[in-house]
Amino acid sequence: MAPEREYYRWTVCAVIVLLIALCAAHMTDRPASSHPHRKTSVLKMDEASLSVINEIEDDMMLYVLSDHCFQCLPQLLGIIPARPASGTPTMVGFVVDTQHALTLQLNSTSAHSEQCKVHFHFGEQGNYSLWVKNLNEPSRVNCSMIIDSEPINSYLPILFAFLVFAFLAALSAIWNTVKRLDVVTNLLLCLGSTVETERLINSELGTPNRLIDASTESIIPATTGRRLRSLDTFRGLSLVIMVFVNYGGGGYWFFRHESWNGLTVADLVFPWFVFIMGTSVGLSLSGSLRRGVKHTHLLWRIFWRSFQLFLIGVIIINPNYCSGPLSWDSFRIPGVLQRLGFTYLVVAVLDLVVSRDRLNNILSSETWYSVHDVCLYWPAWVFVIALETIWLCLTFLLPVPACPTGYLGPGGIGDFGQYQNCTGGAAGYIDRWLLRDNHIYQTPSSRVVYQTMMPFDPEGVLGTINSILMAFLGLQAGKILLHYRDQHRQIITRFLIWGFILGIISAALTKCSRNDGFIPVNKNLWSLSYVTTLSCFAFVALVFFYYSVDVKKWWSGAPFFYPGMNSILVYVGHEVFEEYFPFRWKMANSQSHAEHLAQNLVATSIWVIIAYLLYRKKIFWKI
């Protein structure tokens, strides 16, 4: 039967990816060879071996500074003793980071001055030598970098995995085209059951029956009688990337959250999920109101769903399966589902208050017709703008003890070490004041680069205001779909206009730079520019999904459509079962990007298969 064939297809896909990535591990991941005159420790992922050889009769101090560390002071890595007056050069080995380019600075211990500086991007598991010697003039020091053994190409596994998935996608596209040919259609009619073949030929893979469920999140107006597959596809893509990066993303730095300012792949998915939730709220509540559901019933359902999201979130981020009773002293309160629950509560109640049971039929001749999808909901816009004003005032005007007012930095060694305990400025201070240090996230991403020691929660209280803004912009996308239903050009044009406006706002706030803008893009803070930038991306992405999936029907949305239909189950499931087989197993080489990538891709693919099987059985976890 077709469902079983589809199950085996995705199983084979996962196995192929695993085999390819493991082959890449044998081809690309090898122990770093040592220099014949020294011993080096086994290197880990994103590490290289550096030997500093000192030919000068003076002790040298080696300092290192990452290009990714903004306004940081060089950090002491070690001391290289002076060469004996009549002896061989001294040599000291170090392990250096390979994720970003480094600046190496050598200072003389006697003169306390800089002797030389080298800017270099080390390759993973490579062996390097830095020779320090005098030139003809005793006061002039020369530093030269020599590659003793070539680094591995740690990006080959990603290339292989991409080619495998691209090949499978191409095969699927070719088959979908071929099976519509008359010759193939007639052949299938001859070989199989007429009923089954008719279903196979005339329907897209996994096209659902109409689901009539008042709690369904993304129902298009009742007049169309169908779901927008593009929304489920977009939600599913965001969820699949989220699962992949949460499982480790192959150990690559760009699949982890940014240390402070800037964006990585991991920083994209949660805001998109919030955006799509806002879009779904508008469509779902509009459909419920048109079906005559009472406001009080909808209000109760909104509160109950928000409470469930918050409760589930608290449970899954405080696991104590094998550690004994849960300690209330270290009980974390904020989290992803908690923020989703509170954001949903505010946006859904706001939309319920300002929504109309029936959409007004505004004449196109009206002067404000082109913006009527905004003007009709002006009280909601006033509320959201007031919330954003509160965020701006708290962020830039709230006095924080021992910190500059309006501080947006990471603390630690950032800003030349002046504000070590000011991580997150007002956002961190509010969380520590309201929730206390032990009840927020203890290991923020800023610890890696900026060596921060203060706890900081990226799902904290102040950032929730901007997540509400993100969901509200998604709600605006839903209003466009409602007011211009079946007017594809109008919908796409408005999506692009919103993307352009938000892009301009982001450019103005950030000055098109990572660190030098008025409000940098920052996931930890959920800064205003972070929301406008990701909303810009979301509107543009929604154009692609809407046009290709719902308008032209070039793509059915598979395989992302299936996890998008069961998003809560997949998210909770991947968190709860993260450490269990078949999502995790003991690797032959735990310092291999290829093995990590294979494991993470297989685990993510399994959740896609689970979502597909649940879809075929019409099992959906709705809260």
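**Exercise 1. The core around Leu473**

Which residues does Leu473 touch, not counting residues up to four places away in sequence?

*Solution.* Before starting, note that this is a predicted model, in which local features need pLDDT of at least 70, side-chain atom pairs count only at pLDDT 80 or more, and totals for chains, interfaces and linings use all residues. Residues are numbered from 1 along each chain as its sequence is written, and side-chain values use heavy atoms, with hydrogens and water left out.

Step 1. Take contact to mean heavy atoms within 4.5 Å. With sequence neighbours up to four places away set aside, Leu473 touches Phe275, Trp381, Trp498, Leu502, Val531, Ser535 and Phe539.

Step 2. Place Leu473 in its core. A nonpolar core is a set of buried Ala, Val, Leu, Ile, Met, Phe, Trp, Tyr and Cys residues joined through side-chain atoms within 4.5 Å; buried means under 20% relative accessible area, exposed over 50%, and partly exposed in between, with a 1.4 Å probe and protein chains only. The largest such core has 113 residues, and Leu473 is among those with the most contacts inside it, together with Phe234, Phe275, Leu337, Leu340, Phe495 and Tyr571.

Step 3. Look for another core. A second, separate one has 21 residues, including Ala48, Leu62, Leu130 and Val141.

**Exercise 2. Two helices checked for length and cover**

Compare the end-to-end reach of α13 and of α8 with the expected span, then find how many residues of each are buried.

*Solution.* Step 1. Helices (H or I, at least four residues) and strands (E, at least two) are DSSP runs, numbered from the N terminus. The protein chain has 18 helices and eight strands.

Step 2. The expected span is 1.5 Å times one less than the number of residues. For α13, with 23 residues, the first and last C-alpha atoms are 34 Å apart, close to the expected 33 Å. Helix α8 (residues 336–354) has 19 residues and should span 27 Å, which agrees with the 27 Å between its end C-alpha atoms.

Step 3. Now the cover. In α13, 22 of the 23 residues are buried. In α8, 16 of the 19 are buried, so this helix is largely enclosed by the rest of the structure.

Step 4. Zoom in on Thr464, a residue of α13. Thr464 is buried at 10% relative accessible area, and touches Arg339, Phe342 and Thr343 when residues up to four places away in sequence are not counted.

**Exercise 3. The second largest pocket**

Describe the second largest pocket by its volume, lining and residue classes.

*Solution.* Step 1. On a 1 Å grid over the protein atoms alone, a pocket is an open set of points where a 1.4 Å probe fits, with protein on both sides within 12 Å along at least five of seven lines; lining residues have an atom within 4 Å of a point. Grid points are joined across faces, edges and corners, and a volume is the space filled by probe spheres set on the points. Here the volume is about 1300 Å³.

Step 2. The lining has 46 residues, and Val245, Asn246, His257, Tyr441 and Thr443 lie nearest the centre. Elements giving two or more residues to this lining are α5 (229–246), α6 (266–290), α12 (446–450), α17 (567–576) and α18 (593–616).

Step 3. Sort the lining with Ala, Val, Leu, Ile, Met, Phe, Trp, Tyr, Cys and Pro as nonpolar, Asp, Glu, Lys and Arg as charged, and the others, Gly among them, as polar. The result is 22 nonpolar, 16 polar and eight charged residues.

**Exercise 4. Backbone features in loops**

Locate the cis peptide bonds before Pro559 and Pro582, and the positive phi values of Asp46 and Gln451.

*Solution.* Step 1. The bond from Ala558 to Pro559 is cis, with omega near 0°, and Pro559 sits in the loop between α15 (528–551) and α16 (561–565). Phe581 and Pro582 are also joined by a cis bond, with omega about 10°; Pro582 belongs to the loop between α17 and α18.

Step 2. Asp46, a residue other than glycine, has phi near 60°. Asp46 lies in the loop between α1 (2–28) and β1 (47–54), and counts as buried at 8% relative accessibility.

Step 3. Gln451, not a glycine either, has a positive phi of about 55°. Gln451 is in the loop between α12 and α13 (461–483), and is partly exposed, at 41%.
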